[in-house]
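Student: I should like a close look at a single part of this structure, namely the loops, set against the chain as a whole. Please state the cut-offs behind each term as it arises.

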Amino acid sequence: MAINTHPTLPEFDYIRPETLIEASDFLMRHAGDARPFLGGTDVFVRMRDGLLTSKFLVDVKSLPGMNDLTYNPQEGLIIGGAINMNRVIASPEVQEHYPLLADACRSVASYQLRSRATIVGNICNASPAGDTIGASLAFEGSLHIHGSDGMRWEPLADFFLGPGKTRLKAGDIVIGLHLPPPPAGSKGVYLKLGRNKLSDLSIVAVTALGYPEPAARSGYRFRLILASVAPVPFVAKDAEAILANTPITSDSIHEAACLAAEACTPIDDVRGSLRYRKQMVKNLSTKALFQVWENLKMLSMLDQRL
Ligand SMILES: Cc1cc2nc3c(=O)[nH]c(=O)nc-3n(C[C@H](O)[C@H](O)[C@H](O)COP(=O)(O)OP(=O)(O)OC[C@H]3O[C@@H](n4cnc5c(N)ncnc54)[C@H](O)[C@@H]3O)c2cc1C
């Protein structure tokens, strides 16, 4: 393949609709030729590199709901599509109730990039390495979407179909991400392994969230989500089941980490071999689960003292 040493952005028409209906209608009428964008950090780079062609780029940042960032204890958190990652990180409500999401955002590239990049864009881009997808799945998020048939909610658990592929249809615009209130006493960890410590996509990434759950045999439930080791970020269900059904010990944590490594289907590529990625899933899952477990134990000791 010839390398283009002077890549440039091809021509396109910039469209800025005033209403959601107008935006969805435009995207429907020009299906295949038009796409919505938010921060543009994926769209413009992919267009410049010739990986994407669009006659029309539809700026959806000013549409109703796109700039909402609200939290209440009954409903949880709403992050409008246009809220960039730095604003998510700076939100006192996110820091207090969803620190795992703030950590995931912090791991994305650089401050400069995060002042454009959005969580909704990260989710809609559907990269197996998307850094904010694990936390959004761990908190059982769903997307608020406006399409040609009106509004609907789409749970994130069923949203991803493959690299770059989602349940979004022509005319669909994601208005925001909703995260329900976090489970009481939850603790989370995001571990990302890249080729360097800053500004790289992950070779393997592990999101772990744990919380007390009296109905579980172990007394706890864990969520474990793996990224960059399958066509889509996915929940390691067998690992979660072990931790819900057997007492939490170093043996059960090691067993869960082994099950997580067995469940993944990574590819060999320039960033890591299949064998290396599987081994790293085991190592990072063990580390993340131990860290979460230590934090949960500490919290329970503090509760007993009060
Ligand atoms: C230098 C660099 C470093 C990066 N590092 C990282 C990293 O460390 N981790 C990481 O996860 N990502 C990284 N990325 C990728 C990118 O920054 C993120 O995926 C970002 O979150 C995308 O958000 P955005 O708002 O810019 O999305 P956009 O580029 O605007 O859109 C992304 C995709 O979502 C679609 N879309 C956008 N808005 C909507 C909507 N409202 N409804 C429906 N579809 C929509 C677009 O059509 C497009 O397909 C990096 C990118 C660059 C250029």
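Tutor: A residue is called buried when its relative accessible area is under 20%, exposed when it is over 50%, and partly exposed in between, with a 1.4 Å probe and protein chains only. By that criterion, 47% of the 306 residues of the chain are buried. The model is predicted, so local features require pLDDT of at least 70 and side-chain atom pairs pLDDT 80 or more, while totals for chains, interfaces and linings use all residues. Residues are numbered from 1 along each chain as its sequence is written, and side-chain values use heavy atoms, with hydrogens and water left out.

As background to the loops, the chain contains eleven helices and 14 strands; these are DSSP runs numbered from the N terminus, helices being H or I of at least four residues and strands E of at least two. The C-alpha trace spans about 60 × 50 × 30 Å along its principal axes. The radius of gyration is 20 Å, which agrees with the value near 19 Å for a compact globule of 306 residues; it is taken over C-alpha atoms, and the globule rule is 2.2 Å times the number of residues to the power 0.38. With a contact defined as heavy atoms within 4.5 Å, residues 24 or more positions apart account for 60% of the contacts with a separation of 6 or more.

Now to the loops themselves. Ala109 is placed between helix H5 (99-106) and helix H6 (111-114). Its phi is near 40°, a positive value in a residue other than glycine. Ala109 has a relative accessible area of 26%, which means that it is partly exposed.

A second loop, between strand S13 (220-227) and strand S14 (234-235), holds Ser228. Ser228 also is not a glycine, yet has a positive phi of about 70°. With a relative accessibility of 7%, Ser228 is buried.

Helix H5 (99-106) leads into the loop of Ala109, and the cysteine at position 105 deserves a remark. Cys105 is buried, with a relative accessible area of 0%. A disulfide is a pair of cysteine sulfur atoms within 2.5 Å, and the count by this rule is zero. For Cys105, the closest cysteine sulfur belongs to Cys124 and lies 15 Å away, so the separation is too far for a bond. Likewise, the sulfur of Cys264 is too far for a bond because the closest one, in Cys258, is 11 Å away; Cys264 is buried at 2% relative accessibility.
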